[in-house]
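Let's take a walk through this structure together. Have a look at the picture first, and then we'll go through it piece by piece.

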Amino acid sequence: MIPSNLRALIFDVDGTLADTEGAHRASFNEAFAQAGVDWHWYEPLYNRLLEVSGGKERIAHFMALKDGLEAAPEQWVQDPLVQRIHELKTIAYDRRVRAGKVALRPGVRELIESALDSGLRLAIATTTTPINIDALLSASLGTDWMRRFEVIENARTAPNKKPHPQVYLQALARLQLEASQCLAFEDSSNGLRAATAAGLATLVTPTRFTHGQDFSSALRVLPSLQGITIAELRHCHDKHLLACAVPA
Ligand code: XBP
Ligand code: MG
C-alpha cells in the first residue's frame, strides 16, 4: 500500500471550527449601539455582508452600500469610526465567546485530537483577529489550545482577506509543506476560493450563513465533520492526488 502523502490539516475558524457568525452579528449590533450609530444588521443583510471577509472591511462595505457605492474605498477601513466600532465589537464578541456562548461544531474536537494522535500537523488560516481566535479556542479547548496548532495565520499576519490566498500561502510556507501534502477545511465560498487559489484540496462544511454558496471547487461538501476519521481523510486526499496525476 502506498504510504499516505497527507502531512497537515489547515483549518479556517469562523464557521468551520465553530458556528460563530451569530455571535459576531450580535456583537456588531451591540457595538453600533455603543458607538451611537443607528445601524442594525438583521440576519438577511448580514448574510449578504458576509460576502466581505474581515469585520472592518465589512463595516466599511456597509457604509459604502448605504452611500450607494458598489464597494468601499480602501482608506475607509482605516476610518476612525470603523476602527472604534470594530474595537467595541471585538470586546463584545470576546465577552460572548469566553462566556461559553459558542461551542465547537460537531466532530471538530474529535478530529483535532485524532489528527494529532495520527502524527498530522495542524494549522489555522483565518481572516479573524488573534483575540477572537484565543477567546473561542481558550473557551472550547482550554487555555493551552495553542499547543495543538503549529502555525496560526490570522488577520494580523495576513492583512489581505479571503478570497485572497495570502493566509493559506503563508501557512504553507511556515509549515514548509507543499499544498499537495495538506487538506484545508472551510465553511464559505470566500474561504474555499482562498484555499483553492493556494493549491489546497478543501473540505467544506457550510453553515446556515454560507449554505447555498458556490462550493463547486471543493474536494467534498459535508454537513459537518462529525464522524470523519483520519483514515477517510487520507483516502480522500490520496484519491484526489491520484486523480490529479492521471493525464486527462
Ligand atoms: C470570518 C470572517 C471574520 C468574522 C468576523 O473569518 O470573515 O471577519 O466574520 O471577525 P474566517 P472579525 O471564516 O476566515 O475565520 O470582526 O475579527 O473580522
Ligand atoms: Mg469561515
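What follows is a short tour of the metal site and then of the surroundings of ligand 1.

One thing to keep in mind from the start: this is a predicted model. Begin at the magnesium ion, which is ligand 2. Which residues does the protein offer it as donors? They are Asp12 and Asp187, each through OD, and Asp14 through O, at 2.1 to 2.3 Å from the ion. Read along the chain, these donors follow the spacing D-x1-D-x172-D. Asp14 and Asp187 thus link distant parts of the chain, 173 residues apart. Asp14 belongs to the loop between strand E1 (8–11) and helix H1 (21–35), while Asp187 is in the loop between strand E4 (182–186) and helix H8 (189–197). Both Asp14 and Asp187 are buried.

Now move over to ligand 1, which has 18 residues around it. Glu21, Gly55, His86, Lys89 and Thr126 come nearest. By class, this shell has 10 polar residues, seven charged ones and one nonpolar. Where do they come from? Helix H1, helix H3 (55–66) and helix H4 (80–98) each supply at least two of them. Seen by domain, at least three come from domain 1 (8–19 + 103–244), and at least three from domain 2 (21–98).

Zoom in on the side chains and you'll find some polar contacts. An N or O atom of the Thr128 side chain sits 2.8 Å from an oxygen atom of ligand 1. For Thr127, the corresponding distance is 2.9 Å, and a polar side-chain atom of Asn132 is also 2.9 Å from a ligand 1 oxygen. On its own, ligand 1 has 440 Å² of accessible area, and the protein covers 96% of that.

Definitions and conventions
Residues numbered from 1 in each chain as written. Chains lettered and ligands numbered in written order. Predicted model: local features only at pLDDT ≥ 70, side-chain atom pairs only at ≥ 80, totals over all residues. Heavy atoms only, no water. Donors = N, O, S within 2.8 Å, 3.2 Å for Na, K, Ca; no water. Helix = DSSP H or I, 4+ residues; strand = E, 2+ residues; numbered from the N terminus. Buried < 20%, exposed > 50% of the residue type's maximum accessible area, 1.4 Å probe, protein only. Near = heavy atom within 4 Å. Polar contact = N/O pair within 3.5 Å; in protein donor to acceptor, adjacent residues only side chain to side chain. Areas by Shrake-Rupley, 256 points an atom, 1.4 Å probe, with all protein chains shown as cover. Nonpolar A, V, L, I, M, F, W, Y, C, P; charged D, E, K, R; others polar. Domains from an automatic or database assignment.
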